[in-house]
Amino acid sequence: MTRITRGVAALAGLAAGAVTIGLAEVLAGLLVRATDTLGTPSPLLAVGEAFVDLTPAWLKELAIATFGTADKIALFVGMGLVLVAVCAGLGILARHRTTAAVIGFAAVGVLAVIAVFSRPGSGLSDALPTVVGTALGAITLARLTRATTAAAAEPDGDPSRRSVLVGGTSLTVVGVLGIVAGRVVSGAGDVVRMAREAFVVPRVPNPVSVPEGADPGIAGQTTYRTANDTFFRIDTALSVPQVDPDSWRLRVHGLVEEEIEIDMDELLAQPLVEALVTLTCVSNTVGGDLAGNAVWTGWPVRELLARARPLPEADMVLSTSVDGWTAGTPLEVLTDDRNSLLAVGMNGEPLPEQHGFPVRMVVPGLYGYVSATKWVVDLKVTRFADDEGYWTPRGWAERGPIKTASRIDVPRGEVDAGPGVIAGVAWAQHRGVSAVEVRVDDGDWQTAALAEEPTVDSWRMWKLDWDAEPGQHTITVRATDGDGEVQTEEIAAPAPDGASGWHSVEVEVR
Ligand SMILES: Nc1nc2c(c(=O)[nH]1)N[C@H]1C(S)=C(S)[C@@H](COP(=O)(O)O)O[C@H]1N2
Ligand SMILES: [Mo]
């Protein structure tokens with residue numbers, strides 16, 4: 001096979017793949033728009049989500065360490081590269097073994113169908129787009145291969161080869177456009193976007209007001225409150241779940257004396273409260289930024305649970321999101337006096353869709369993966385012995401109390417010699433931060449000035465004046481929590497229950 005014919009053969013494979021996916025995505029989009037399927041008929045989303053489901057702890061850790069909150073984009077790019085390689089390979093195979101290639105092509109389609117069926121809420125019709133797309137793609141592969149072979153056999157095969165090239169390229173382009181068209185026709189988000197715009201977060205009798213002294217306002221230092229649009233986002237959802245507040249229900253069941261179901265009107269009619277809570281992701285590395293602090297408006301979960309009356313043997317609440325994700329939270333932290341909330345508001349606005357609109361859980365003191373269920377629809381009162389949250393069988397700890405952490409925000413990199421400041425943030429949610437100490441090189445630990453701490457459920461800002469001397473310096477920080485426990489120096493990776501170790505930065509003083 002010459003290089004040119006191999007290239008044309010690969011193009012045939014690509015065109016077949018693009019036709020399959022393009023058609024399937026358009027059909028999936030129409031299916032979502034026309035029906036109220038709870039499944040994921042889009043093969044791309046279904047395969048991606050199934051892949052996320054299979055992600056073990058080490059791979060999640062690696063993905064977040066490498067790509068951070070761009071992990072979803074990275075996944076799609078990776079999937080795209082694999083698809084291009086597989087399709088091109090099948091195209092080349094088809095030149096001499098057309099039947100084998102078509103069977104291989106169908107096998108990939110079958111895998112995608114399995115992925116579609118693996119999604120919660122899927123029905124038979126959700127497979128239709130993938131099946132139809134794969135059938136048309138297989139025909140495309142066979143036809144284009146035959147045309148390529150015919151062109152190569154002709155003594156002056158150029159004109160017909162050119163027509164194969166043009167045909168293959170056009171089909172590929174049309175297919176790729178289909179992916180975009182599929183998202184558009186699905187109307188992804190229209191209804192919920194409008195519902196969110198109309199959603200009014202109720203006012204509360206005792207709104208949070210953040211004292212000025214909580215935020216030293218040093219350039220480069222984290223702000224005490226995190227704006228909604230810069231708040232970190234971590235979840236397994238490749239397309240943001242769309243939950244219409246009008247049809248939202250929350251069911252409480254399991255080991256309870258009384259099963260309960262509430263809708264949005266009932267939730268909003270409860271006495272809501274506002275609370276400052278800093279969320280932290282268990283995947284955050286030492287010095288990392290997977291933490292954010294907001295004012296949440298919501299109804300204390302304990303009030304809801306009090307109505308359901310958990311049975312004495314219960315010790316866990318398994319919360320489930322509309323897309324089937326789960327978190328296992330100790331019953332105790334949802335029934336004690338802390339502000340564990342069913343939140344509807346974030347910094348005075350309805351929850352952004354990505355952060356769980358219309359309702360999510362917010363629990364002070366626990367990592368998000370065992371507590372902060374977004375798009376929450378179900379609370380099962382149960383026992384750790386009987387149930388487990390999403391990440392536990394994937395290598396993460398059953399329980400996830402937040403470890404004491406501190407971070408240096410400034411300086412980073414290069415600074416000018418002379419008087420300056422070292423500043424950052426420290427957190428030990430629900431225990432509070434009682435001290436922060438800073439060490440420059442091998443010097444003594446110096447006590448940093450702490451900003452006000454409006455609540456022990458949020459992080460605390462700190463700063464230390466520093467007369468920087470020229471040269472290379474290492475600055476290290478450690479915090480002490482409200483129980484007097486000094487942050488451990490022991491280095492641990494995020495898996496299985498959160499990173500630990502002191503944060504240090506290298507700075508160059510000129
Ligand atoms: N439905 C759902 N809720 C979820 C998750 C998820 O994957 N699905 N991830 C959890 C994790 S691991 C974290 S750290 C927090 C992050 O919340 P945020 O994206 O609002 O910052 O959400 C939690 N809630
Ligand atoms: Mo997380």
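What follows is a walk through this predicted model, from its overall build to its ligand site and a few local details.

Some ground rules come before the tour. Because the model is predicted, local features need pLDDT of at least 70 and side-chain atom pairs count only at pLDDT 80 or more, while totals for chains, interfaces and linings use all residues. Residues are numbered from 1 along each chain as its sequence is written, chains are lettered from A and ligands numbered from 1 in the order in which they are written, and side-chain values use heavy atoms, with hydrogens and water left out.

Let's start with the whole protein. Its C-alpha trace spans about 85 × 65 × 40 Å along the principal axes. The secondary structure comes to eleven helices and 19 strands; helices here are DSSP runs of H or I with at least four residues, strands are runs of E with at least two, and both are numbered from the N terminus. Of the 510 residues, 51% count as buried, where buried means under 20% relative accessible area, exposed over 50% and partly exposed in between, using a 1.4 Å probe and protein chains only. The accessible surface is about 22,700 Å², and carbon and sulfur atoms hold 58% of that; the areas come from the Shrake-Rupley method with a 1.4 Å probe, and for residues only the protein chains shown count as cover. Take the contacts (heavy atoms within 4.5 Å) with a separation of 6 or more: residues 24 or more positions apart account for 75% of them.

Now to the inside. A nonpolar core is a set of buried Ala, Val, Leu, Ile, Met, Phe, Trp, Tyr and Cys residues joined through side-chain atoms within 4.5 Å. The largest one has 82 residues, and Trp296, Leu304, Leu342 and Leu379 touch the most other members. Another core lies apart from it, with 20 residues that include Ala426, Ala448, Trp462 and Trp466. Back in the largest core, pick out Leu342: beyond its neighbours within four places in sequence, its contacts include Leu250, Trp299, Leu304, Met361 and Val376.

On to ligand 1. There are 18 residues around ligand 1, and Phe232, Thr236, His355, Arg360 and Lys374 come nearest; to be counted, a residue needs a heavy atom within 4 Å of the molecule. Sorted by class, this shell has eight nonpolar, five polar and five charged residues. For that tally, Ala, Val, Leu, Ile, Met, Phe, Trp, Tyr, Cys and Pro are nonpolar, Asp, Glu, Lys and Arg are charged, and the others, Gly among them, are polar. Several polar contacts show up too: these are pairs of N or O atoms within 3.5 Å, and within protein one must be able to donate a hydrogen and the other to accept it, with residues adjacent in sequence counting only if both atoms are side-chain atoms. An oxygen atom of ligand 1 sits 2.5 Å from a side-chain N or O atom of Lys374. Backbone atoms join in as well, with a polar one of Thr236 at 2.8 Å from a ligand oxygen and an N or O atom of Ile234 at 3.0 Å. On its own, ligand 1 has 530 Å² of accessible area, and the protein covers 99% of this.

Lys72, in helix H4 (residues 71-96), is in contact with Thr236, as well as Arg233, Asp235, Ala237 and Leu238. Its side chain reaches the backbone oxygen of Ala237 at 3.4 Å. Is Lys72 buried or exposed? At 12% relative accessibility, it counts as buried.

The backbone has some surprises worth a look. Phe357 and Pro358 are joined by a cis peptide bond with omega about 5°, and Pro358 is in the loop between strands E8 (349-350) and E9 (360-362). A cis bond also runs from Val410 to Pro411, with omega near -5°. Trp375 has a positive phi of about 50° although it is not a glycine, and at 3% relative accessibility Trp375 is buried.

Pro411 leads us to Val507, in strand E19 (residues 503-509). These two are 96 residues apart along the chain, yet their C-alpha atoms are separated by 7.1 Å. Val507 is buried at 0% relative accessibility, and it touches Pro411, Trp466 and His473, among others.
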